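Reader: I would like to go through the labels given to this structure and hear what each one rests on. Please set each value against its cut-off.

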Amino acid sequence: MSLKHESYPSSAAFDAINSSLQADDTERKDAVKKGNAIFAFKLKNKEGQEEGWHIDLKEKGAVGKGEAPEGKKADVTLSLSDEDFGKMVAGKTQAQRLFMSGKLKIKGDVMKATKMEPVLKKAQTKAKL
């Protein structure tokens, strides 16, 4: 099942992140150990619509649609534009820079948000945005 959404071009990155996590059992377990959180992403496209995805680095080490796995709650929610998410995953900008400029809003445990960067870096090589 693809996580890509036609109205959100950067959403293809969620497939890349998921395949990166699923490709190597040791890497996935390491990511879960380091992340120890459920990360929610709320992306807003050019039309002003919002859609959510999550990366579960608390239990499964998997990516899905919606803000959290069923019956669970996100530890941290990152809200940003589809365009900025694409730049962040492609390595063209940093989350910290987006946050400081007000383009990235973080709800929940801000320190956990910093643990997301290594996971996104691993996906950079696979994501073709």
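**Labels and their grounds**

Author: Lys29 and Asp25 both sit in helix α2, four residues apart, about one turn of the helix. The model is a predicted one.

Reader: What makes the contact between Lys29 and Asp25 a salt bridge?

Author: A salt bridge needs a side-chain nitrogen of Lys or Arg within 4 Å of a carboxyl oxygen of Asp or Glu. For Lys29 and Asp25 the N to O distance is 3.3 Å, so the pair meets the definition.

Reader: Why is Lys29 called exposed?

Author: Exposed means over 50% relative accessible area, and Lys29 has 54%. Asp25, with 38%, is partly exposed.

Reader: Which salt bridge does Arg28 form, and why is Arg28 called buried?

Author: The partner of Arg28 is Asp25, with the closest N and O atoms 2.3 Å apart. These two also lie in helix α2 (residues 25–35), three residues apart. Buried means under 20%; Arg28 has 17% relative accessibility, so Arg28 counts as buried.

Reader: How do you know that Lys58 and Asp75 form a salt bridge, and where in the chain do they lie?

Author: Their side chains meet at 3.1 Å, N to O, and the limit is 4 Å. The pair links distant parts of the chain, 17 residues apart: Lys58 is in the loop between β2 (50–56) and β3 (62–65), and Asp75 in the loop between β3 and β4 (76–81). Lys58 has a relative accessible area of 36% and Asp75 one of 22%; partly exposed covers values between 20% and 50%, so the label applies to both.

Reader: What joins Asp25, Arg28 and Lys29 into one network?

Author: Salt bridges that share partners do. The whole structure has six salt bridges.

Reader: Why is Asp84 said to have no salt bridge?

Author: The nearest side chain of opposite charge, Lys87, is 4.3 Å away, and a salt bridge needs a distance within 4 Å, so the pair does not qualify. Asp84 is buried and lies in helix α3 (residues 82–90). Leaving aside neighbours within four places in sequence, Asp84 is in contact with Thr93, Leu98 and Lys103.

Reader: How many helices and strands does the protein chain have, and what makes the chain as compact as a globular protein of that length?

Author: The chain has six helices and five strands. Its radius of gyration is 13 Å, close to the 14 Å that the globule rule gives for 129 residues, so the chain is as compact as a globular protein of that length. Buried residues make up 42% of the 129 residues.

Technical notes. Residues are numbered from 1 along each chain as its sequence is written. This is a predicted model: local features need pLDDT of at least 70, side-chain atom pairs count only at pLDDT 80 or more; totals for chains, interfaces and linings use all residues. Side-chain values use heavy atoms; hydrogens and water are left out. The radius of gyration is taken over C-alpha atoms; the globule rule is 2.2 Å times the number of residues to the power 0.38. Buried means under 20% relative accessible area, exposed over 50%, partly exposed in between (1.4 Å probe, protein chains only). Lys and Arg count as positive and Asp and Glu as negative; His and the chain ends are not counted. Contact means heavy atoms within 4.5 Å.
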